[in-house]
Amino acid sequence: KPDDLKQVKGFIKSRYAAPDKKYFGIAKGKNVIVIHLESTQQFSIDRRINGQEVTPFLNSIYHGQDTVSFDNFFHEVGQGKTSDAENMLETSTFGLPSGSVFNKYSTNTFQSMPAILNQRAGYSSAVFHGNVASFWNRSSVYKSMGYQHFFDASYFDVSGRKSEVWGIKDKLLFKDSVPYLEKLQQPFYAKFLTVTNHYPFALDKVDQDPNFQTTDTSDPVINNYFVTNHYMDQSIKEFYAYLDRIGLLKKSIIILYGDHYGISNSENRTLAPVLGRDPQKWTAFDDLQMQRVPFMIDIPGSRLGHIDHTYGGEIDVMPTLEHLLGISTKRYLQFGQDLFSKQHSQRVIFRNQDFITPKYTYTDGHLWSNSNGKMFDNDELGKNLSKKIERWQNETDQELSLSDQLIFKDLLRFYKPKGFTPINPRNYNYGTYYT
Ligand code: GP9
Ligand code: MN
């Protein structure tokens, strides 16, 4: 219905966040490499266990002179987990209240990152992922998103000990992808989905770093998380070395992000002492703070390195990246806002309607103060703050439900941004058995 589309358009227009001149176009024409850090949470960054860094390489990137790193960046996934994260990054729309866009709406009309980059700036596109193409219905949805290549498990030797539960081991994914990556037409938009750091965080002993001694909590999931996270870190170090060797590092912008939590809320109290926290004092407020995930933008040679404290989430990645590449987002229907924009709203909303601002956290039906982690009781809230919460709740509901309407009703069918040719999924064939 055109009326729904009108509402979506109005909402998005009212929240348009103009690019900051300092950042607009600084990565124009560069290859884009997105590294999806499976189940990696921000607490891994700069974390030492038994004196050793869990992610020494990522730490060096995080503090690197060419990396803009965020320390208040949140995952915003729902039941669609990885697929929700991917959906937000590729389309800047939210995942669903239940289920996954990838499974339920894979044939929708998308105005996605690979298509926009292709049409506006001649980018080719590819996904590298060592699981079968059918998982999360990727082989279908990637076609609807206009991904030109999908290198799934069928492109790699995943036999025997070369893979774990979720597919090829990360070190092999990166190593065996190089011959394909090298041949991609430049500039390209390439995404690497790692899998080794995924529950149950299983990894053969021979692949483990004998010098890394993990935690000995009562929960093997936690202990193993650090082991596979450490392995993933090494795999990225190796990948950087390959990129450098084949001359792609300097010609690329590298986005690194954690898709969602690896340690679930029910395990947080067991993890608390590792983080130097008292499990007895752990609250729902702390659970939500734990949803921070890494987000780093590495632009080799840029000397832009710093840690940016802006609050934001996965929904914001797409417009942020478009602006870095010099592509105006004005004409598109994207729910996120460029993290570098002066108009960027620092209220991060979650799929369950919780939200976080730099000052406040709303979760578990209560408002909490970020400065001391204390819950406000009703008297403390007062009229002003109560009003504010109500407004924020309404805005959160509105944003999520408009995103839902867009997807449920496939509204982009009726929306024709200037110069955008609709994607025809039949133009894509990944040459795999699983389609
Ligand atoms: C599997 C991987 C895992 O292909 O992407 O997805 P998740 O279980 O994290 O949603
Ligand atoms: Mn995942």
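The shell around ligand 1 breaks down into three nonpolar, five polar and three charged residues; here Ala, Val, Leu, Ile, Met, Phe, Trp, Tyr, Cys and Pro count as nonpolar, Asp, Glu, Lys and Arg as charged, and the others, Gly among them, as polar. The model is a predicted one, with local features requiring pLDDT of at least 70 and side-chain atom pairs counted only at pLDDT 80 or more, while totals for chains, interfaces and linings use all residues. Residues are numbered from 1 along each chain as its sequence is written, chains are lettered from A and ligands numbered from 1 in the order in which they are written, and side-chain values use heavy atoms, with hydrogens and water left out.

The residues that surround ligand 1 are Glu 38, Lys 81, Thr 82, His 129, Asn 131, Phe 135, Trp 136, Arg 138, Trp 166, His 198 and His 260, where a residue is taken as near if one of its heavy atoms lies within 4 Å of the molecule. Three side chains come up with polar distances to the ligand. For Thr 82, an N or O atom of the side chain sits 2.6 Å from a ligand oxygen. His 198 has a polar side-chain atom 2.7 Å from an oxygen of ligand 1, and for Asn 131 the distance from a side-chain N or O atom to a ligand oxygen is 2.9 Å. Taken alone, ligand 1 has 310 Å² of accessible area, and the protein covers 95% of it; these areas come from the Shrake-Rupley method with a 1.4 Å probe, and for residues only the protein chains shown count as cover.

Lys 81, one of the residues around the ligand, also has a backbone quirk: its phi is near 40°, a positive value in a residue other than glycine. Lys 81 belongs to helix 3 (residues 81–91); helices (H or I, at least four residues) and strands (E, at least two) are DSSP runs, numbered from the N terminus. Its relative accessible area of 25% makes Lys 81 partly exposed, given that buried means under 20%, exposed over 50%, and partly exposed in between (1.4 Å probe, protein chains only). Asn 137 has a positive phi as well, near 60°. Asn 137 sits in the loop between strand 6 (124–129) and helix 6 (138–144), and at 22% relative accessible area it is partly exposed.

Two cis peptide bonds also turn up. One runs from Gln 186 to Pro 187, with omega near -5°, and Pro 187 lies in the loop between helix 7 (170–183) and strand 10 (188–193). The other joins Tyr 199 and Pro 200, with omega about 5°; Pro 200 is in the loop between strand 10 and helix 8 (220–245).

As for packing, the largest nonpolar core holds 74 residues, and Val 32, Tyr 142, Tyr 189, Ile 253, Phe 295, Ile 297 and Phe 335 touch the most other members. Such a core is a set of buried Ala, Val, Leu, Ile, Met, Phe, Trp, Tyr and Cys residues joined through side-chain atoms within 4.5 Å. Helix 12 (residues 378–408) gives the most to this core, with eight residues. A second, separate core has 32 residues, including Ile 33, Phe 57, Leu 173 and Leu 248.

Contacts of Phe 335 (heavy atoms within 4.5 Å), not counting residues up to four places away in sequence, include Val 8, Phe 11, Ile 12, Arg 15, Ile 315 and Glu 399. Glu 399 is itself part of helix 12 and, at 5% relative accessibility, counts as buried. Beyond four places in sequence, Glu 399 touches Phe 11, Arg 15, Phe 94, Phe 335 and Ile 349. In helix 11 (residues 317–324), eight of the eight residues are buried, among them Met 318, Glu 322 and His 323. Gly 326 follows this helix, with a positive phi near 80°.

Two loop residues round things off. Thr 310, between strand 13 (306–308) and strand 14 (312–313), is buried at 17% relative accessible area. Its side chain makes a polar contact of 2.5 Å with that of Asp 308; a polar contact is a pair of N or O atoms within 3.5 Å, and within protein one must be able to donate a hydrogen and the other to accept it, with residues adjacent in sequence counting only if both atoms are side-chain atoms. Asn 352, in the loop between strand 15 (348–349) and strand 16 (355–356), is exposed at 52%. A polar side-chain atom of Asn 352 lies 3.0 Å from the backbone nitrogen of Asp 354.
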